[in-house]
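Welcome! Here are a few exercises to work through with the structure in view. Try each task yourself before reading its solution.

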Amino acid sequence: MVNKIKGEILRALRASGDYVSGEVLSKELGISRVSIWKHLRRLMQHGYVIESSPIGYRLISSPDLLLPYELPGWEHKLYHFAEVDSTMGVAKELVKKGAEEGTIVVTECQACGKGRLSREWFSPKGGIYFTLSLKPKISPVYAPRVNLMASVAVTKAIRGLFGLAAELKWPNDVLIEGRKVCGILAEMEAEMDAINFVNLGIGINANFPISQYEEGATSLKEELGKEIVRKELLSSVLREMTKQQALLTKADLLEEWKSLSATLNRDVRVVSLGEEVTGKAIDIDSNGALILKCPDNSLRNIIAGDCFHL
Ligand code: BTN
């Protein structure tokens with residue numbers, strides 16, 4: 001509730017672009033002028049510059065932070081941190097304490113960001129790092145589709161907002177011109193017939209300098225030649241994710257993934273459980289496994305692994 005009110009105060013100040021009196025804010029939001037002042041003071045502590053004069057309040061500038069009030073619709077279940085070791089650990093703790101479906105843990109940077117296959121995920125300021133906690137009411141058999149759903153959502157958000165030709169590399173990297181811009185890590189706890197939770201960790205290389213990247217990676221700043229407004233992208237990814245969740249058990253999700261895929265119809269090498277398989281990626285099956293046509297014409301369904309485009 002408190003986050004929602006702060007969001008409404010910010011929207012009122014932005015809509016006006018000028019001074020708004022405490023009285024008007026108090027009437028619009030249905031709370032006392034003292035409460036309005038308390039919220040404004042808290043916003044200022046978070047880095048918002050708000051001018052106060054006898055005729056009211058004026059918003060001068062906002063910090064570039066992914067604060068809950070900047071993400072309408074999610075403000076009541078979004079936890080924002082300046083820095084954590086990894087949003088995966090924080091989200092897991094929250095789930096253990098009974099956090100509701102859709103809880104989001106966002107941070108400005110991570111000291112020990114986790115990547116797939118026990119790798120480190122470079123997480124300096126300027127990126128977007130979050131974990132979304134889901135409790136999908138689907139059979140654990142469908143669990144890999146949660147990854148597909150997340151990667152489709154990020155790809156569509158990047159395409160929709162910036163017009164960049166973002167594509168998917170199996171299983172769930174988002175690429176621009178062959179270079180990785182986003183990685184997705186899923187951690188799950190399940191019984192035989194039900195998923196307790198899936199924590200989806202998403203890292204997007206947004207606004208940090210190219211010199212900081214690993215080889216084979218890119219950033220949105222690099223691709224666009226300017227910084228992006230991170231809250232717009234996060235909000236768009238969350239909206240897409242909500243849409244895609246409805247498709248989790250449907251064939252449409254697979255079709256969406258295929259239509260955005262840079263992996264299908266390519267020769268690839270996949271390293272899976274210590275084994276290396278080379279072949280042409282011809283399809284994904286209903287659980288998201290990659291179907292390879294090997295040089296001896298045999299077909300292999302690869303459930304998980306590291307995929308290299310040849
Ligand atoms: C990959 O290796 O491609 C997956 C990278 C996932 C990184 C994200 S950033 C937010 C969340 N917290 C982490 O520690 N990792 C994930």
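**Exercise 1. Find where G163 is placed, and decide whether G163 is buried or exposed.**

Step 1. Look in the loop that links α5 and β6, where G163 has its place. Helices (H or I, at least four residues) and strands (E, at least two) are DSSP runs, numbered from the N terminus.

Step 2. Apply the cut-offs: buried is under 20% relative accessible area, exposed is over 50%, and partly exposed lies in between (1.4 Å probe, protein chains only). G163 has 64% relative accessibility, so this residue counts as exposed.

Step 3. Check its distance to L224: the two are 61 residues apart in sequence and 9.7 Å apart in space, C-alpha to C-alpha.

A word on the source: this is a predicted model, in which local features need pLDDT of at least 70 and side-chain atom pairs count only at pLDDT 80 or more, while totals for chains, interfaces and linings use all residues. Residues are numbered from 1 along each chain as its sequence is written, and side-chain values use heavy atoms, with hydrogens and water left out.

**Exercise 2. Describe how α5 and α7 pack.**

Step 1. Two packed helices are described by the angle between their axes and the distance between the axes. Axes are lines fitted to C-alpha atoms, for helices over the stretch in contact, and angles run from 0 to 180 degrees between N-to-C directions.

Step 2. Helix α5 (residues 144-162) meets helix α7 (residues 230-245) at about 130°, and their axes are 8 Å apart. This makes α5 oblique to α7; angles under 35 degrees count as roughly parallel, over 145 as roughly antiparallel, 65 to 115 as roughly perpendicular and the rest as oblique.

Step 3. Among the residues making the contact (heavy atoms within 4.5 Å) are A153 and L161 of α5, with L233 and M241 of α7. The contact residues divide into 12 nonpolar, three polar and three charged. Here Ala, Val, Leu, Ile, Met, Phe, Trp, Tyr, Cys and Pro count as nonpolar, Asp, Glu, Lys and Arg as charged, and the others, Gly among them, as polar.

**Exercise 3. Trace the sheet of seven strands and name the strands at its edges.**

Step 1. The order in this open sheet is β3-β4-β5-β9-β8-β7-β6, with mixed pairing. Two strands pair if DSSP finds at least two bridges between them.

Step 2. The edges are β3 (78-81) and β6; each has a single partner strand, so one side of each lacks a neighbour in the sheet.

Step 3. Follow the antiparallel pairs. β6 (residues 166-169) and β7 share four bridges, and L168 stands opposite V174 in β7. Three bridges then join β7 to β8 (residues 179-190), where K180 faces L175. Nine bridges link β8 to β9 (residues 195-204).

Step 4. Look at the turns. Three residues form the hairpin connection from β6 to β7, while two residues lie between β7 and β8, with E177 in that turn having a positive phi of about 50°.

**Exercise 4. Are the residues on the two faces of β7 buried or exposed?**

Step 1. On one side, take D173 and L175; on the other, V174 and I176.

Step 2. All of these residues are buried, and both faces of β7 (residues 173-176) are covered.
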